[in-house]
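Visitor: I'd love a close look at one part of this model, the surroundings of its ligand. Could you walk me through them?

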Amino acid sequence: MDDGIFVGGGGADYGEKQWLNLGYANRHGLIAGATGTGKTVTLQILAEGFSSRGVPVFLSDVKGDLSGLAASGTETHKLHEAFMDRAGKIGFDDYGYVAFPVTFWDLFGQQGHPVRTTVAEMGPLLIARLLELSEAQEGILNIAFRLADEEGLPLLDLKDLQALLVWVGENREALSLRYGNIAVQSVGAIQRRLLVLENQGAADFFGEPALALEDLMRTGADGRGQINILAADTLMASPRLYATFLLWLLSELFEELPEVGDPEKPKLVFFFDEAHLLFDDAPKALVDKVEQVARLIRSKGVGVYFITQNPDDIPEDILGQLGNRVQHALRAFTARDRKALRMAAETYRENPDFDTEQAIREVGVGEAVTSMLQKKGVPGIVQRTLIRPPSSQLGPISAQERTAVIAGSDLRGKYEAGLDRVSAYEMLKDRADKAAAEAAAQEAREEEMQAAEREYSAGRRYSGTRVGRSTTKPARKTWSTRHRDTDSFGEAMAKVVVKELKGTTGRRIVRGILGGLFKGR
Ligand SMILES: Nc1ncnc2c1ncn2[C@@H]1O[C@H](COP(=O)(O)OP(=O)(O)OP(=O)(O)O)[C@@H](O)[C@H]1O
Ligand SMILES: [Mg+2]
């Protein structure tokens, strides 16, 4: 088939070739199944298939075993015989071993090129999700982003956000007048969450140089699509960071890519492993956004494939949009399992040759119940398919092999060194220093004046003239006495801010307020 990716053999004796149509590959997909049933290998062969057809791929490697895509399979591999056998069974005549073009990425910069984004790019909605903020705390984060925007304070890294929050805390009285109550406890709570995030190693992730999306959408000189592998093994220890990062990436793709309608083949295919993490106790607003991104990103030519154990991990509205499906075996131990199994089976177009529910229970390892979109985007009749064996290496490559791939990458050097531009942290620090210097100068001036006044009164007293009032306590409070026991920098800044805010309202486009997700929508 010219316009499809070979997935495996279905029908009687697995002799009927099953294809994933490239023209409908942007209508998303699902790979599901219990543990050890073949999901990762299915992901591997789909990635191989897309790459071979010139479609770049992005995938997260949760257990580290997908790095094998970068190496060729070998005849010495312990499954060589099994693979050949399987290939023969499904009539895969030109099966052979080959390595694929791989780029490794890593949020922590250890196992691949560093991936970074800025705090502003990620935006308050996703950062609130990342920090697990309450509604009130999220409100304050929104105010902070808005202020940063109005004040022209770039929010690049976590340091910037921390400095901004300190500033909001110090000025909360003045800011509360404008934005409603800003509770000091809430500001403190956000700051503590930021510390937790930092301890998870996220500090490296926020900053510059930020990831350029075009670097995920490359095809090589040989016409094959680059397979971008995100090292996610360490990242999985922080499931929130993992899910939020992938969601951010999806929303960036959605916003940055041009509309292409229904392309001949996708511009990029995005595999979202452990997809249930995205939806675990996610607020409805977030699920709605994911649903919307999934629906709209299609016309940008991006296909999204969710990988999860059970299809009912995925909200119905989103599941309904996953047109290409590979359902590996599901267990039916409990009543709940059986219900989930029945519901999974009901979503397929029945095949008169077998019972779908029973097939999902019975399929062997590396075998699946599949349904791919056919002409006009109609779901195909369900098939019992033996999935093709991989051409690249099954299982991870060694650390040395990985290092060699990273060293040989065209992108080598582009992201490795972090940049630390002048941003909110430095600017606020600068303002604080200036305000402190000014306050000190003012104080010195007042001291001088008071001293002069004292001298003058003392002079008068000395001359014997009666003085009716105290000379040490001026009738009108001076700046310095008013501010001596309050946070002078904070209040001084608040005045500056409130003054500066006048007239700026509505002038700046508030990108930060909705952040990375749905700018201006
Ligand atoms: N298409 C296939 N061709 C040949 N062997 C396969 C295929 N799919 C799975 N296998 C075999 O089954 C094993 C388990 O598959 P895989 O690692 O993909 O399971 P999984 O569903 O990802 O498991 P987990 O949930 O633990 O990650 C593989 O290591 C391989 O030996
Ligand atoms: Mg797996």
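Visitor: Where does ligand 1 sit?

Guide: Happily! This is a predicted model, in which local features need pLDDT of at least 70 and side-chain atom pairs count only at pLDDT 80 or more, while totals for chains, interfaces and linings use all residues. Residues are numbered from 1 along each chain as its sequence is written, chains are lettered from A and ligands numbered from 1 in the order written, and side-chain values use heavy atoms, without hydrogens or water.

Ligand 1 sits in the largest pocket, with more than half of its atoms within 2 Å of the pocket's grid points. Two helices, α1 (39-52) and α2 (80-89), are the elements that give two or more residues to the shell around ligand 1; helices here are DSSP runs (H or I) of at least four residues. The top contributor to that shell is α1, with 3 residues.

Around ligand 1 there are 18 residues, each with a heavy atom within 4 Å. Gly36, Lys39, Thr40, Val41 and Lys63 come nearest. By type, the shell holds 8 nonpolar, 6 polar and 4 charged residues, with Gly counted as polar.

The backbone also meets the ligand's oxygen atoms, in N or O pairs within 3.5 Å. A backbone N or O atom of Val41 is 2.9 Å from an oxygen of ligand 1. For Gly38, a polar backbone atom lies 3.1 Å from a ligand oxygen, and for Thr37 the separation is 3.2 Å. Taken alone, ligand 1 exposes 630 Å², of which the protein buries 79% (Shrake-Rupley, 1.4 Å probe).

Enclosed space is worth a look too. The structure holds 2 cavities of 30 Å³ or more; on a 1 Å grid over the protein atoms alone, a cavity is where a 1.4 Å probe fits but cannot get out, whereas a pocket is open, with protein on both sides within 12 Å along at least five of seven lines, and lining residues have an atom within 4 Å of a point.

The largest cavity has about 40 Å³ of space, and its lining includes Leu156, Asp157, Arg421 and Ser423. That lining divides into 2 nonpolar, 2 polar and 4 charged residues.

The second largest cavity contains about 30 Å³, and among its lining residues are Leu20, Leu30, Tyr305 and Met372. Its lining has 7 nonpolar residues, 1 polar and 1 charged. Here β10 gives the largest share, 3 residues.

Terms used:
A polar contact is a pair of N or O atoms within 3.5 Å; within protein, one must be able to donate a hydrogen and the other to accept it, and residues adjacent in sequence count only if both atoms are side-chain atoms. Grid points are joined across faces, edges and corners, and a volume is the space filled by probe spheres set on the points.
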